[in-house]
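User: I am new to this structure and would like a close look at how its helices pack against one another. Please take me through that part slowly, and then show me how it sits beside the nonpolar interior.

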Amino acid sequence: MNITIVGAGRVGIHLAKYFINEHQDVYLVDKDTDKLSALESDFNMRTFAGEPVDFKVLREAKADKADIFVAVTAETSENLVACALAKSMGAKKTIARVDKYDFMEPANTGVVRRMGVDHVVFPDLLAALNVINALEHPWCRSWNDFGEGRIFMAAVSVRPEAPWAGIRLKEFFSHSTLMHVSALRRDHSTIIPRGDDIIQPGDILYVTFVPHGLNVVMELAGKTLFPVRKVLVLGGSTAAEIVAKISSRQYSLVVMEKNLARCRELAASCRNIDVIYGDGSEEDVLEEAGIHSCDAFVALSDSSERNILACLTAKEAGVRRTIAEVEKEQFIDKAESFNIGSIINKPILTANAIFQLILDSGSVSSRCMAMTDAEVARLVIKENSYLATAPVMQLKLPRELTFAGMIRDGHGEIVTGSTQFRPGDDVIVFCLNGALDKVEKLFGK
């Protein structure tokens with residue numbers, strides 16, 4: 001499959017690396033010659049220096065033959081025009097990154113499509129929705145519904161006092177129809193575990209479970225549900241404003257912003273919240289804002305370092321739920337090691353959203369979520385699939401994957417060693433980056 005990407009920023013590079021690992025033909029366009037030279041020498045990709053709205057450059061980058069054309073530069077207008085040109089030249093599907101909610105409005109989406117832009121992705125909206133999701137499920141680091149309420153995956157940190165700390169995975173056999181530890185993060189890398197692996201304090205477990213397995217997962221994790229009512233938000237960013245507009249009736253929201261003009265804008269656009277003018281990186285200011293009485297603290301400033309430090313201050317003040325926007329990927333592992341509740345990274349969220357928009361494009365399968373070094377995909381068992389020839393325990397499978405669960409006849413089920421797949425089963429697969437091409441072949445054609 002031919003994929004042309006315009007913009008070698010964090011999102012563009014993340015997408016390019018991913019698709020190269022999946023053995024797709026990637027063409028990357030950017031104005032920065034030095035950046036492209038470094039990428040071309042480190043990765044097997046073809047790069048083209050020039051303006052993203054230049055016909056000659058677009059033709060050289062195979063935009064006219066692209067199965068997927070993605071424009072993710074920092075300029076919305078540039079992305080829209082590049083997609084429009086690519087579509088008119090013959091690109092099959094076009095996706096543009098935008099920086100205003102206007103492009104998501106139903107009244108405007110038709111106009112955008114008529115321009116030649118099939119889909120738009122708004123990173124700040126994605127970040128806001130993830131914040132809201134994290135507030136709704138405060139006991140875990142992340143929450144994903146992979147089957148419309150039939151099967152879920154939660155990421156949970158392992159504390160030393162948790163019942164499952166120090167336990168071998170195979171000792172959970174009695175719960176095998178309710179939950180499955182699909183992957184774990186340890187020492188900044190993702191591991192597909194096996195039965196003899198021991199859960200260690202500090203691990204982050206990705207646990208798949210059916211609805212009536214929720215209580216078992218929470219009990220093993222040593223977690224309890226608690227209500228979130230008062231939320232303090234650091235930074236009056238666009239994402240913070242969207243959170244306020246969507247959730248102001250559900251939560252008592254206080255937004256702290258150090259720019260006075262932005263404070264006034266937020267107060268005018270979000271009537272049901274309190275806006276405080278102040279620098280939230282200072283501990284005494286946070287105390288004045290009522291940090292000690294908050295149920296959750298959300299750091300959405302433009303500084304990853306500031307957000308991490310503010311969340312640590314909030315945890316010391318007794319806040320049970322902390323959420324930090326961490327834009328610099330090199331700080332994500334550090335934030336995880338500090339036990340910050342949830343990490344929001346817009347480049348990864350944007351890449352995830354783009355993966356979702358590629359569901360019906362050629363050989364790229366239905367991706368539920370992508371991490372820095374792993375992903376979750378939903379794949380359907382075909383009639384000629386090797387996976388349907390024997391129970392799972394008898395199949396010879398790559399070490400880089402595990403079956404997290406499946407949907408059969410409209411019901412969510414955990415996959416066990418005795419599971420015998422059937423054609424039509426909708427299976428959730430957790431695999432390391434670079435393995436999906438191998439995994440797809442197992443499902444048949």
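Analyst: This is a predicted model, and a useful place to begin is the pair formed by helix α8, residues 238–247, and helix α9, residues 260–269, whose axes come within 11 Å and cross at roughly 25 degrees. Angles under 35 degrees count as roughly parallel, and α8 and α9 are therefore roughly parallel to each other. Their crossing is right-handed. On the α8 side the contact is made by Thr-238, Glu-241 and Lys-245, while α9 contributes Arg-262, Leu-266 and Ser-269. Sorted by class, this contact has 3 charged residues, 2 polar ones and 1 nonpolar one.

The next pair brings in helix α13, residues 346–357, which packs with α6 at an angle of about 100 degrees, the two axes lying 9 Å apart. Since angles of 65 to 115 degrees count as roughly perpendicular, α6 and α13 are therefore roughly perpendicular to each other. Here Pro-123, Asp-124, Leu-126, Ala-127 and Asn-130 of α6 meet Lys-346, Leu-349, Thr-350 and Ala-353 of α13. The residues of this contact divide into 5 nonpolar, 2 polar and 2 charged.

Helix α13 also has a partner in helix α1, residues 10–21, and the axes of these two come within 9 Å and cross at roughly 50 degrees. That angle makes α1 oblique to α13, and the crossing of α1 and α13 is right-handed. From α1, the residues Arg-10, Val-11, His-14, Leu-15, Tyr-18 and Phe-19 meet Pro-347, Ile-348, Thr-350, Ala-351, Ile-354 and Phe-355 in α13. By class, the contact of α1 with α13 consists of 9 nonpolar, 2 polar and 1 charged residues. Thr-350 of α13 thus appears in the contact with α6 and again in the contact with α1.

Turning to the interior, the largest nonpolar core has 99 residues, and those with the most contacts inside it are Phe-69, Phe-403 and Phe-443. The largest share of this core, 8 residues, comes from helix α6, which spans residues 123–136. Leaving aside residues up to four places away in sequence, Phe-443 touches Phe-403 as well as Leu-379, Val-380, Ile-381, Lys-382, Ser-385, Leu-387, Val-427 and Val-429. Apart from this core lies another, of 41 residues, which includes Ala-154, Ala-165, Leu-178 and Val-216.

Taken together, α6 links the two parts of this account, as it packs with α13 and also supplies the largest share of the 99-residue core.

Technical notes:
Residues are numbered from 1 along each chain as its sequence is written. This is a predicted model: local features need pLDDT of at least 70, side-chain atom pairs count only at pLDDT 80 or more; totals for chains, interfaces and linings use all residues. Side-chain values use heavy atoms; hydrogens and water are left out. Axes are lines fitted to C-alpha atoms, for helices over the stretch in contact, and angles run from 0 to 180 degrees between N-to-C directions. Helices (H or I, at least four residues) and strands (E, at least two) are DSSP runs, numbered from the N terminus. Angles under 35 degrees count as roughly parallel, over 145 as roughly antiparallel, 65 to 115 as roughly perpendicular and the rest as oblique. A crossing is left-handed if the near helix is turned anticlockwise from the far one by less than a right angle, and right-handed if clockwise. Contact means heavy atoms within 4.5 Å. Ala, Val, Leu, Ile, Met, Phe, Trp, Tyr, Cys and Pro count as nonpolar, Asp, Glu, Lys and Arg as charged, and the others, Gly among them, as polar. A nonpolar core is a set of buried Ala, Val, Leu, Ile, Met, Phe, Trp, Tyr and Cys residues joined through side-chain atoms within 4.5 Å. Buried means under 20% relative accessible area, exposed over 50%, partly exposed in between (1.4 Å probe, protein chains only).
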